[in-house]
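Me: Please look over the model below with me before we go through some questions on how the chain packs.

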Amino acid sequence: MPGRLEPFELADIGCKGWNVLAEDLPLPLAVLKKEAVVRNSKWMQDFLALTGTRIAPHGKTSMSPQLFDLQLADGAWALTLSTPHQLQVARAFGYKRIVLANQLVGRNSIRYVLEELRDDGDFDFYCLVDSIALVERLAQEAREMNIGRPLKVLLECGYTGGRTGCRTIAQCMEVAASIRSFFPHLELAGIEGFEGLIIENGYEATLRGVRAFLSFVKEVAMRCDEESLFTSETVILSAGGSKFYDVVAAELTGIRLSRKTTTVTRSGCYLTQDSVQYTASDAEVHFRNPNLGPLAAGLRPAIEVWAYVQSRPEPGLVVATMGKRDVSTDHLPLLEKWFRPKAGMSGPAPVADGYKVLGMNDQHLKLEVPLESPFQVGDMLGFGVDHPCLTFDKWRVMVVINEQYDVVEAVQTYF
């Protein structure tokens with residue numbers, strides 16, 4: 001925010017008359033492009049409607065209740081979270097259906113969840129389990145508190161070299177049987193997995209690995225159904241990060257169990273997309289699904305981080321006023337556009353070839369530029385980001401802009 005600013009309600013920020021290109025706010029500055037955010041939210045719901053799949057978008061991406069509300073208004077089935085802190089934020093804002101896509105571990109966190117379930121009959125909660133030890137711990141706390149309804153759990157499937165999750169059918173069945181033995185304190189409500197980190201040698205091998213893992217998830221679900229281990233009316237089948245949600249939809253919606261099933265994917269990054277890895281994965285989604293019709297345009301990057309040219313200390317080198325404190329470092333950001341204030345430009349101009357981000361320090365970015373680059377000290381540079389999750393967490397407030405870069409609103413984050 002500008003210096004010497006008097007306090008005001010965040011909802012009134014659109015009345016300030018600020019424009020990013022008019023230098024009304026200090027840089028570096030992360031912005032959300034409203035048209036792209038709204039469009040991406042609607043696009044995903046239309047895509048999932050074609051597949052009969054639901055979404056519980058991962059809230060850890062933005063940790064912004066204002067963006068959660070947009071996703072839920074557009075039909076999201078639930079909100080996904082990862083940590084007790086994130087869960088507490090969501091409950092403080094009144095969200096009623098939450099998937100904790102993680103193990104619920106630790107007495108304080110377990111009891112917090114049970115107390116929320118006890119005190120709010122409309123609270124619908126799911127967490128993951130992948131061991132008998134955790135099942136027994138959850139059951140012990142649930143039995144002692146005796147809240148009058150079961151704690152719903154999803155059995156997590158994993159893969160060798162991955163993160164959490166049972167690695168074999170035998171292990172899955174042992175854990176599932178343990179959950180069933182503790183009914184009505186625990187309820188096996190479905191089967192879950194996460195395929196997003198599967199990486200094999202090349203695209204086709206990775207895709208085969210993802211499909212093989214989802215087949216494992218389906219096999220576990222069918223075995224649990226055959227052995228009557230599910231006690232919920234509807235069985236949840238859940239997987240899907242932001243890269244393979246289409247494969248999840250295709251693979252898991254085809255399963256037939258004796259109980260009703262709901263397939264839930266959990267992509268979070270679709271809402272804002274990015275300019276690096278998820279732009280690439282979006283192209284792969286369209287390659288795998290060539291008949292999308294009106295959805296063929298795909299998702300659009302909605303986050304930009306703007307900085308000034310602050311120095312040209314050597315030929316072919318520009319230093320900009322942003323760094324690791326301002327943007328994700330999973331991959332280096334991409335310089336996409338530039339603007340010279342008060343120079344009569346109608347808007348940001350695209351950047352030609354020959355520009356390359358070399359690296360970042362805490363507050364500086366080094367940029368290789370052609371010797372004939374027109375960039376001057378004071379010019380504004382617009383960067384596309386990689387991995388939205390690790391850009392959102394740098395900002396307590398992100399301003400939202402229209403196509404003319406007017407600040408029309410802002411969202412607050414709670415990391």
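Reply: A contact here means heavy atoms within 4.5 Å. The coordinates come from a predicted model.

Me: Which residues does Leu 155 touch, not counting residues up to four places away in sequence?

Reply: With that cut-off of 4.5 Å between heavy atoms, and leaving out residues up to four places away in sequence, Leu 155 has partners that include Val 129 and Glu 192. The full set is Val 129, Cys 166, Cys 172, Val 175, Ala 176, Leu 188, Gly 190, Ile 191, Glu 192, Val 220 and Cys 224.

Me: Which helix gives the largest share of the largest nonpolar core?

Reply: The largest nonpolar core holds 63 residues, and Phe 125, Leu 138, Leu 151, Leu 155, Ile 191 and Cys 224 touch the most other members. The largest share of this core amounts to 9 residues, and these come from residues 203-226, that is, from helix α7.

Me: How many residues are in the second, separate core?

Reply: Val 37, Phe 47, Leu 67 and Met 322 are included in this second core, which is separate from the one just described. Its count of residues is 46.

Me: What is the radius of gyration of the chain?

Reply: The chain has 10 helices and 18 strands. For 415 residues the globule rule gives 22 Å, and the value for the chain is close to this, so the chain is as compact as a globular protein of that length. The radius of gyration is 23 Å.

Me: What percentage of the residues of the chain count as buried?

Reply: Buried means under 20% relative accessible area. Of the 415 residues of the chain, the share that counts as buried is 56%.

Terms used
Residues numbered from 1 in each chain as written. Predicted model: local features only at pLDDT ≥ 70, side-chain atom pairs only at ≥ 80, totals over all residues. Heavy atoms only, no water. Helix = DSSP H or I, 4+ residues; strand = E, 2+ residues; numbered from the N terminus. Rg over C-alpha atoms; globule rule 2.2 N^0.38 Å. Buried < 20%, exposed > 50% of the residue type's maximum accessible area, 1.4 Å probe, protein only. Core = buried A, V, L, I, M, F, W, Y, C linked by side-chain atoms within 4.5 Å.
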